Amino acid sequence: MSDTGRPPTSRAKAQSGARPGTRGRIPGSSMGRPPTGLAMSSGAVPGTAARPGSRGGQALGAGVRVADRPVTQQGLAGIKTGARGPDRVVYDKTYYLGQLRAKTGELNAEIGKLSREIDQLTAENSTYLTYEKRAETLAGELKDLQSQLADYNTLLDKANTNTDIAEVVSEYSSMKAQNDREESSLDVFFAEKQEKERQLRDLEQEIEREREAGDNLVDNLGPEEKARYAELKAMNRRLQEESDGKQQELDQLSAKTKA
């Protein structure tokens, strides 16, 4: 109390260094301003008290983090969402029809590609056959021209050696007679070849008739006789194969002996 007996007033409290209407300042500051580090750590606005129901000046339930909204050159990006689920859950008739149409289109494309390749190969094959026939014709013409060239070379040699024309004519007559004899021999050989081929066809037909007759005889045999026939036939085949092998060995030994 003062000397006049009055009770202490708020002005007396103001003499303690704090302004009226404030709740005191943190000691250690001449102006009463709180340190910067303390304000940043508390998360509250300086000079104000924390509101009821808040934590350091933040509202309850505000769990937003800066990392959830990264900053890009174009601005703030949205919060990442979770991975999408499967595009389709129910595979109905429409889905399978779409798949079938897609596969059908792929098959048609492949068939068209193969058809084009076949057409190209067919065209190349026909061209090759044409060229092959043309090559055979040109080969025959070349052979004839080579024969004529040989004749001309012979005449040129005779002319360069001053051979008498009578000698040339005599040589020509001799060669022509030899060619005629060889041509006659070739005709005889050709006729013999045709005769041998005819005889061979007759023998093949006779063998076929004998085979059919043998099959008919086998069909008329009894069960035991058929079994015996099959056994003898297999033995004959085996012996024939062994005979062929022995003949090949004999031919090889004969070739080595001659060498």
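The aromatic count in this predicted model comes to 1 pair, where rings of Phe, Tyr and Trp (its six-membered ring) pair if their centres lie within 6.5 Å. The rings in question belong to Tyr95 and Tyr96: centres 5.3 Å apart, planes at 75 degrees, so the pair is edge-to-face (planes over 60 degrees apart; under 30 is stacked, the rest tilted). Tyr95 is partly exposed, at 26% relative accessible area (buried is under 20%, exposed over 50%, partly exposed in between, with a 1.4 Å probe and protein chains only).

**Ground rules**
- Numbering starts from 1 along each chain as its sequence is written, and side-chain values use heavy atoms, leaving out hydrogens and water.
- Local features need pLDDT of at least 70 and side-chain atom pairs count only at 80 or more, while totals for chains, interfaces and linings use all residues.

**The chain overall**
- You get 5 helices and 2 strands, running α-α-β-β-α-α-α along the sequence (DSSP runs numbered from the N terminus: H or I of at least four residues for helices, E of at least two for strands).
- Just 2% of the 259 residues count as buried.
- About 24200 Å² of the protein chain is exposed, with carbon and sulfur atoms supplying 55% of that (Shrake-Rupley, 1.4 Å probe).

**Helix 3**
- The 68 residues of helix 3 should span 100 Å at 1.5 Å a residue, and its end C-alpha atoms sit 97 Å apart, which agrees (the expected span is 1.5 Å times one less than the number of residues).
- After helix 3 comes Asn162, with a positive phi near 55 degrees.

**Second largest pocket**
- Its volume is about 290 Å³ (a pocket is an open set of points on a 1 Å grid over the protein atoms alone, where a 1.4 Å probe fits, with protein on both sides within 12 Å along at least five of seven lines).
- Helix 3 (93-160) and helix 4 (165-219) each supply at least two lining residues, and helix 4 gives the most, with 6.
- Among the lining residues (an atom within 4 Å of a point) are Asp151, Lys158, Glu171, Tyr172 and Met175.
- By type, the lining divides into 4 nonpolar, 2 polar and 4 charged residues (nonpolar: Ala, Val, Leu, Ile, Met, Phe, Trp, Tyr, Cys and Pro; charged: Asp, Glu, Lys and Arg; polar: the others, Gly among them).

Notes: Points joined across faces, edges and corners; volume = space filled by probe spheres on them.
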